[in-house]
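Me: I would like a close look at a single part of this protein, the core, and then at how the rest is arranged around that topic. Please take it step by step.

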Amino acid sequence: MPPLKSGRSRLAIGCAVVAMATAVTGPAWAEPAPSFEALLERIGLTPTTVEAGALLDAAEARVRQARVRPNPELGLEAENAFGTGRFSGYDNAETTLSLSQDLELWGRRGARVEVARADAGTAGLRRDLATVEAGARLALVYAEAEAAQRRFMLAEEALTVTIADTRAALMLVEEGREPLLRGIQGESEAAAARATLDEAEAERDAAFARLTAVAMLPTLVTSIDVSLIDRVPAAAGVTPDATPQVRVAEAERAAAESRIEVERIRARPDVRASVGFRRYEAEDATALTFGLSMPLPLFDRNRGNIDAAQADFRAADARLAGARQEAEADRNAATARLRASASRVSATDAGVTAAEEAYRLSRIGFEAGRISQLELRSSRAALIAARNAAVDARLARVRAEIDLARLQGRAPFGTSL
């Protein structure tokens, strides 16, 4: 008799544990996140795009500055004044007022403007690339948050199903149709399902916090109503010859090539012209002055800067070659992953349907006493795994679409930036 009383006491505790697990899984107040399209409209407010836009403005301002010619220099000189003898005082002084101007020969101004334009073009492409990258990051964070929310909901369902199975097992133990071990195993499974739910809740809250930060939302997101991971990407069309990353590398190479010419021109003499007039106090007369000046290239011929510019060009050319190779490989891989992910989603959906039917039949057989608890547990575990696999497949499809969209310079799922 004492063992029977101990078993009934354990079963009562198990029922209480199950009741507590059921009580703590209730609905919570939620603040829905805006749709992905609504968040994408605000992508220009993200720090990365704002920074890229500011750098573009700075580059365009440098183009305007590069077009400006250097200012002329106004000079005033006095000779033979305030000395000794007949040069005492200012009566015999010679005063020269001159105006000198850098002539910017050898195409200095044009080369300078060309480099500034090349840098501005590169900054514009980087701004576009930053917008594409920001859209891709937003899509990924949005999809991960939705997947985390769905995993939490599946964990809730798994806990509910586990609790129901545990209750059924406890009833069979009470009726003497199952050993006490089955009830203890049911309690352990319910506790494990509760721990899985707590972990899924923590992951969901962390994903919502990341989405709130990335989307720059004023209030914390606690739910997602408009699905992104259920969307089917459009068929992959013909991709452009150059990805945004390649176009940036091409612009950097062109800018580096322009700097070589600038450094070569700087090696040539910088010619300055001057004109003015000179006042002779002793004769009470004036005369014009004019002249040219230029440095003698005896020591500094700018060879170091020319070699450095040529080395920078070789480095930019190598980066461009690498970017082209990576773009081709990434494009093929992204297209293949997108096709494979579509097949995987279809397969996991079929697996979920089969697992749900298998669990339904197992539950009916278990309640009728024709199927053991081990078989019921196996079918339940298969159902939980199938549902989570379906979520993983959808998230993988979103990631493949994001990778392909980045290479095509667009927002995921055909949305516009």
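Reply: What follows begins with the whole chain, goes on to the core, and then turns to single helices and loops.

The model is a predicted one. Its secondary structure consists of eight helices and six strands. Read from the N terminus, the order of these elements is α-β-α-α-β-β-α-α-β-α-β-β-α-α. The protein has 417 residues, and 38% of them count as buried. Of the contacts between residues at least 6 apart in sequence, 79% join residues at least 24 apart. The accessible surface comes to about 23100 Å², and carbon and sulfur atoms account for 57% of it.

Now the core. The largest nonpolar core has 32 residues, and those that touch the most other members are Phe 36, Leu 39, Leu 138, Tyr 142, Leu 211, Ile 224 and Leu 228. Two or more residues each come from α2 (36-40), α4 (108-174), α5 (180-214) and α8 (373-408). Helix α4 gives the largest share, 11 residues. There is also a second, separate core of nine residues, which includes Val 352, Ala 355, Leu 376 and Ala 390.

Phe 36 is a useful residue to follow. Its relative accessible area is 1%, so Phe 36 is buried. Apart from neighbours within four places in sequence, Phe 36 is in contact with Gly 135, Leu 138, Ala 139, Tyr 142, Leu 228, Arg 231, Pro 412 and Thr 415. One of these contacts, Tyr 142, is buried as well, at 0% relative accessibility.

The rings of these residues can be looked at too. The model has two aromatic pairs. Phe 36 and Tyr 142 form an edge-to-face pair, with 6.1 Å from centre to centre and 65° between the planes. Because Phe 36 lies in helix α2 and Tyr 142 in helix α4, this pair ties together parts that are 106 residues apart in sequence. The other pair, Phe 82 and Tyr 90, is tilted: the centres are 5.7 Å apart and the planes make an angle of 45°.

Phe 82 sits in the loop between β2 (73-79) and β3 (94-102). Phe 82 is exposed, with 64% relative accessibility, while Tyr 90 is partly exposed at 32%. The backbone at Phe 82 has a positive phi of about 55°, although the residue is not a glycine. Most residues other than glycine have a negative phi. Glu 104, in the loop between β3 and α4, also has a positive phi, near 50°. Glu 104 counts as buried, since its relative accessibility is 12% and the limit for buried is under 20%.

Next, helix α3, which shows how one helix can have two sides. The 21 residues of α3 (residues 47-67) should span 30 Å at 1.5 Å a residue, and the end C-alpha atoms are 31 Å apart, which agrees. Its buried residues are Thr 49, Ala 52, Gly 53, Leu 56, Ala 59, Val 63 and Ala 66. Seen down the helix axis, the buried residues of α3 fall within an arc of 140°, so they line one face. An α-helix has 3.6 residues a turn, so residues three or four places apart point the same way. On the other side of α3, the exposed residues are Pro 47, Glu 51, Arg 62, Arg 64 and Gln 65.

Thr 49 shows what lies against the buried face. Thr 49 has a relative accessible area of 7%. Leaving out neighbours within four places in sequence, Thr 49 is in contact with Ile 43, Gly 44, Ala 130, Thr 131 and Ala 134.

A similar look can be taken at helix α6 (residues 244-266), which holds Ser 258. Ser 258 is buried, with a relative accessible area of 14%. Beyond residues up to four places away in sequence, Ser 258 touches Glu 114, Val 115 and Ala 118.

Last comes helix α7 (residues 303-367). This helix has 65 residues and reaches 90 Å from first to last C-alpha, close to the 96 Å expected at 1.5 Å a residue. After α7 comes Gly 369, with a positive phi near 85°. Before α7, in the loop that starts from β6 (285-293), lies Leu 296. Leu 296 is exposed, at 66% relative accessibility. The C-alpha atoms of Leu 296 and Asp 270 are 9.4 Å apart, although the two residues are 26 apart in sequence.

Methods: Residues are numbered from 1 along each chain as its sequence is written. This is a predicted model: local features need pLDDT of at least 70, side-chain atom pairs count only at pLDDT 80 or more; totals for chains, interfaces and linings use all residues. Side-chain values use heavy atoms; hydrogens and water are left out. A nonpolar core is a set of buried Ala, Val, Leu, Ile, Met, Phe, Trp, Tyr and Cys residues joined through side-chain atoms within 4.5 Å. Buried means under 20% relative accessible area, exposed over 50%, partly exposed in between (1.4 Å probe, protein chains only). Helices (H or I, at least four residues) and strands (E, at least two) are DSSP runs, numbered from the N terminus. Contact means heavy atoms within 4.5 Å. The expected span of a helix is 1.5 Å times one less than its number of residues. The arc is that of the directions from the helix axis to the C-beta atoms. Accessible areas come from the Shrake-Rupley method with a 1.4 Å probe; for residues, only the protein chains shown count as cover. Rings of Phe, Tyr and Trp (its six-membered ring) pair if their centres lie within 6.5 Å; planes under 30 degrees apart count as stacked, over 60 as edge-to-face and the rest as tilted.
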